[in-house]
Amino acid sequence: MIRRHALLLGVAAVLAPIVPALAQGRTLTPEEQQLITEINTHNSAIRTMVGRFLQIDTNGGRTEGTFFLERPDKVRFRYNPPSREEIVSVGRGFYVLNRQEETYYAYPQDTIPLRQFLGDQINLMNANVIDVTTSDGYMAITIIDETVAGTVQVSLIFDVETKDLAQWSLVEPSGSELTFSLYDVEKGVEIPRSYFSIPATYKGVDPSTRR
């Protein structure tokens with residue numbers, strides 16, 4: 001079974017900044033620094049995005065859905081049935097909603113790795129980057145981050161030509177891996193404000209009681 005908190009972990013590491021020297025000591029080349037700067041600028045200029053996603057877990061389990069993103073600090077991941085869950089960022093928190101039970105639980109946004117990609121301005125030059133590789137038209141930027149679940153490694157994969165985020169993958173403290181791919185993405189789309197809210201009928205629950 002795919003654990004939804006793994007997606008939350010992936011959602012927060014995407015938006016921090018990179019320093020010229022990686023955490024492991026290698027110095028970024030001028031070409032790498034230039035490309036990362038262009039990726040920062042390009043993605044910061046995208047104020048809204050909608051599209052579909054495919055999530056694959058360590059065991060090959062596949063889950064699909066739709067996502068809606070608006071900068072700053074708003075995102076919604078809506079899983080297709082039979083899943084009953086959605087993930088919503090509202091202000092400074094991430095909320096996991098159960099549509100059937102009409103409940104939700106929350107994590108602070110500043111402890112979730114994809115938080116950096118939700119900011120008003122993206123600056124990957126300041127993240128705790130441990131590796132940068134370029135291959136087959138894509139750049140992979142690997143970051144380690146401290147989260148509510150422990151130390152997580154996240155690889156953000158950008159299309160070198162378009163500078164768009166195409167995929168991210170993460171390794172949890174347990175060693176489990178999760179890959180999250182985006183497709184059919186549209187930019188500059190008007191998104192209803194209600195998409196980034198929690199229905200008044202939903203009740204909050206303790207996340208420690210969830211699996």
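Which exposed residues does the face of α2 turned away from its buried side carry? In the predicted model examined here, that face of α2 carries P30, E31, T41 and A45. The opposite aspect of the helix is made up of a longer list of residues, since E32, L35, I36, I39, N40, N43 and S44 of α2 are buried. These buried residues cover an arc of only 165° around the axis, which puts them on the same side of α2. Such an arrangement can be read against the geometry of helices in general, because an α-helix has 3.6 residues a turn, so residues three or four places apart point the same way. The length of the element was also examined: helix α2 comprises 16 residues, from 30 to 45, which at 1.5 Å a residue should span 22 Å, and the separation of 23 Å between its end C-alpha atoms agrees with that expectation.

The helix belongs to a protein chain that has 2 helices and 12 strands. Read from the N terminus, the order of elements is α-α-β-β-β-β-β-β-β-β-β-β-β-β, so that, by this definition of elements as numbered runs, α2 is followed directly by strand β1. Of the 211 residues in the protein chain, 47% are buried. Where contacts between residues at least 6 apart in sequence are considered, 58% join residues at least 24 apart. The accessible surface of the protein chain amounts to about 10100 Å², and carbon and sulfur atoms account for 49% of that surface.

The largest nonpolar core contains 38 residues, among which I36, F77, L124, I141, L156, F158 and W168 touch the most other members. Strand β9, which covers residues 150-159, supplies the largest share of this core, with 4 residues. One of the highly connected core members, I36, is also among the buried residues of α2.

Aromatic side chains were considered next, and a search of the whole structure finds 8 aromatic pairs. In one of these, F53 and F180 are stacked, with a distance of 4.8 Å from centre to centre and an angle of 20° between the planes. Because F53 lies in strand β1 (residues 48-57) and F180 in strand β11 (residues 177-187), the pair ties together parts that are 127 residues apart in sequence. Both F53 and F180 are buried. A further pair is formed by F68 and Y195, whose ring centres are 4.8 Å apart and whose planes stand at 80°, so the pair is edge-to-face. This pair likewise links distant parts of the chain, with F68 in strand β2 (residues 62-70) and Y195 in the loop between β11 and β12 (203-204), 127 residues apart. The two partners are not equally covered: F68 is buried, with a relative accessible area of 13%, whereas Y195 is partly exposed, with a relative accessible area of 24%. F53 and F180 also belong to one aromatic cluster, together with F67, F77, Y79 and W168, and of these F77 and W168 are named among the core residues that touch the most other members.

Backbone geometry was then inspected for departures from the usual pattern, given that most residues other than glycine have a negative phi, and most peptide bonds are trans. The peptide bond from R71 to P72 is cis, with omega near 0°, and P72 is placed in the loop between β2 and β3 (74-79). A cis peptide bond also joins P81 and P82, with omega about 15°, and P82 is found in the loop between β3 and β4 (85-90). As for phi, K163 is not a glycine and yet has a positive value of about 70°; K163 is found in the loop between β9 and β10 (165-171) and, at 14% relative accessibility, counts as buried. D184, also not a glycine, has a positive phi of about 50°. The place of D184 is in strand β11, and D184 is exposed, with a relative accessible area of 52%.

A final approach between parts of the chain involves E101, in the loop between β5 (93-98) and β6 (103-108). At 42% relative accessibility, E101 counts as partly exposed. The C-alpha atoms of E101 and Y202 are separated by 8.2 Å, although the two residues are 101 residues apart along the chain.

Methods:
Residues numbered from 1 in each chain as written. Heavy atoms only, no water. Buried < 20%, exposed > 50% of the residue type's maximum accessible area, 1.4 Å probe, protein only. Contact = heavy atoms within 4.5 Å. Areas by Shrake-Rupley, 256 points an atom, 1.4 Å probe, with all protein chains shown as cover. Expected span 1.5 Å × (residues − 1). Arc of directions from axis to C-beta. Core = buried A, V, L, I, M, F, W, Y, C linked by side-chain atoms within 4.5 Å. Phe/Tyr/Trp six-rings, centres within 6.5 Å; stacked < 30°, edge-to-face > 60°.
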